[in-house]
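Trainee: I would like to go through this structure and ask how each label is earned.
Mentor: Go ahead.

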Amino acid sequence: MQAIRSTTYQAAQLVAHTIEAHFSKLLEAEMQNQSEDLAPEPPADHIELILDTAFWASLRHEEGISPKISLAYVSPEQLTNPMVFENRMPLASAILTKIAPGVERPGIHLGVWHEDNSLYIWGTTTSIPSLCMVVDVSEPGLLVIKHRRTDGFGKFANVAVLKGDEVKLVDEQAAHIPDCPSVLTSLLRFRPSITLNNNYNVLVQLAVSMRAHKRGGMLLVVPADSDSWQYSMVQPMLYTVQPAFSVLAKLVREAENDENKLYIQEAIRREVDLIAGLTAIDGATVINDKYELLAFGTKIGRLQGNESVKEIVITEPVVGGEATTAHPSTNGGTRHLAAAQFVHDQRNAFALVASQDGRFTIFSWSVCEEVVQAHRIDALLL
């Protein structure tokens, strides 16, 4: 068994105590609310060792393939139906690399726990308690620290992203900035939501699914009670949907009173993937704020009589991130420029833009500042 040892990954050393404090604060708040099924609090020395081991494992290869692993800090005794190895394995980068091919699919976590000042791998699980610390090895040199939300639905909440020697801590307070889009608020919400749409995180799932197909794409979200968005489109629009495709919208409405929420969530995920897949087609996909699909493969043009967008404010919801003002052409390619122009002209709408390199940006209009805001949220979607 492996005793707590010194580490060599400096980013892990720098961030461990901050992560410990973060989880301590979250767990304390939920215990005061008498929440049940809470994960154990991870101490800084365990966090540091898990990050150190995961980082060095990420740089190794098994049969030429980099490992993708999810490590959950939890005891098997706290879980229902975990798969427990007869012989515990020491937490070591070589072992993680060796077993990674068998546990790389989404939703499978390697369980890590401790005994007699040693950390070990005890088996696998597909379910974890609320606020359980998870460390994902996403690609070589890239680690994401996250946790399961207390309501159990939606994407895990990201806490920090470590890429080489770069550390990005998610800033929860970014959800309280003026004109923060609802999708960004949902991604940053660490406590359970009280509304249906946020419970199911439909826009969050769309963002994750758009990023996953790795082809780049744009999703425009427009008001359901107006068709003014069509004036910002190059006519004729070849790929309109008539009547509007409303399966996802119906599922979201039905879910409110449906007791089989797990079934509904899976059905929602399938429809989300269908719509997100359309964003890979050249042009923009359009849905309304009721999640009805209106068009795809549409071309954006400048609204007649309006001027070109001259500047945008770029933000990133990480600690220490500062808003910067720039010309929209500096934020990305033609897709980003078109999204900024659309939001500049259609100020009750917003745009989700995925780049092929994994960057993801939400464009929205700031009523307070009267400018287009570009929220870079890559750190929240990993």
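Trainee: Where does Pro 243 lie, and what kind of peptide bond joins Gln 242 and Pro 243?
Mentor: In this predicted model, Pro 243 lies in strand 11. The bond joining Gln 242 and Pro 243 is cis, with omega about 0°. A second cis peptide bond joins Gln 235 and Pro 236, where omega is about -5°. Pro 236 is in the loop between strand 10 (217–222) and strand 11 (240–245).

Trainee: What makes a cis bond worth pointing out?
Mentor: Most peptide bonds are trans. The same kind of remark applies to phi, since most residues other than glycine have a negative one.

Trainee: Which value of phi does Lys 214 have?
Mentor: Phi of Lys 214 is positive, about 60°, and Lys 214 is not a glycine. Lys 214 is found in the loop between helix 6 (202–212) and strand 10.

Trainee: Why is Lys 214 called exposed?
Mentor: Its relative accessible area is 59%, and exposed means over 50%. Therefore Lys 214 counts as exposed.

Trainee: Is Tyr 291 buried or exposed?
Mentor: Tyr 291 has 7% relative accessibility. Buried means under 20%, so Tyr 291 counts as buried. Tyr 291 also has a positive phi, near 75°, and sits in the loop between strand 12 (284–288) and strand 13 (293–298).

Trainee: How do you know that Glu 63 is exposed?
Mentor: Glu 63 has 75% relative accessibility. The cut-off for exposed is over 50%, so Glu 63 counts as exposed. Glu 63 belongs to the loop between helix 2 and strand 2 (69–73). From Glu 63 to Pro 101 the C-alpha distance is 9.8 Å, although 38 residues separate them in sequence.

Trainee: What makes helix 1 oblique to helix 2?
Mentor: Helix 1 (residues 10–32) and helix 2 (residues 44–58) pack at an angle of about 135°, and their axes are 8 Å apart. Roughly perpendicular covers 65 to 115 degrees and roughly antiparallel is over 145. The angle fits neither, so helix 1 is oblique to helix 2. Their crossing is right-handed.

Trainee: Which residues meet there?
Mentor: Among them are Val 15 and Ile 19 in helix 1, and Ile 47 and Leu 51 in helix 2. The residues of this contact divide into seven nonpolar, two polar and three charged.

Trainee: How many residues does the protein have, and what share of them counts as buried?
Mentor: The protein has 382 residues, of which 53% count as buried. Its secondary structure comes to ten helices and 18 strands.

Conventions: Residues numbered from 1 in each chain as written. Predicted model: local features only at pLDDT ≥ 70, side-chain atom pairs only at ≥ 80, totals over all residues. Heavy atoms only, no water. Axes fitted to C-alpha atoms, helices over the stretch in contact; angles between N-to-C directions. Helix = DSSP H or I, 4+ residues; strand = E, 2+ residues; numbered from the N terminus. Parallel < 35°, antiparallel > 145°, perpendicular 65-115°, else oblique. Left-handed = near helix turned anticlockwise from the far one by under 90°. Contact = heavy atoms within 4.5 Å. Nonpolar A, V, L, I, M, F, W, Y, C, P; charged D, E, K, R; others polar. Buried < 20%, exposed > 50% of the residue type's maximum accessible area, 1.4 Å probe, protein only.
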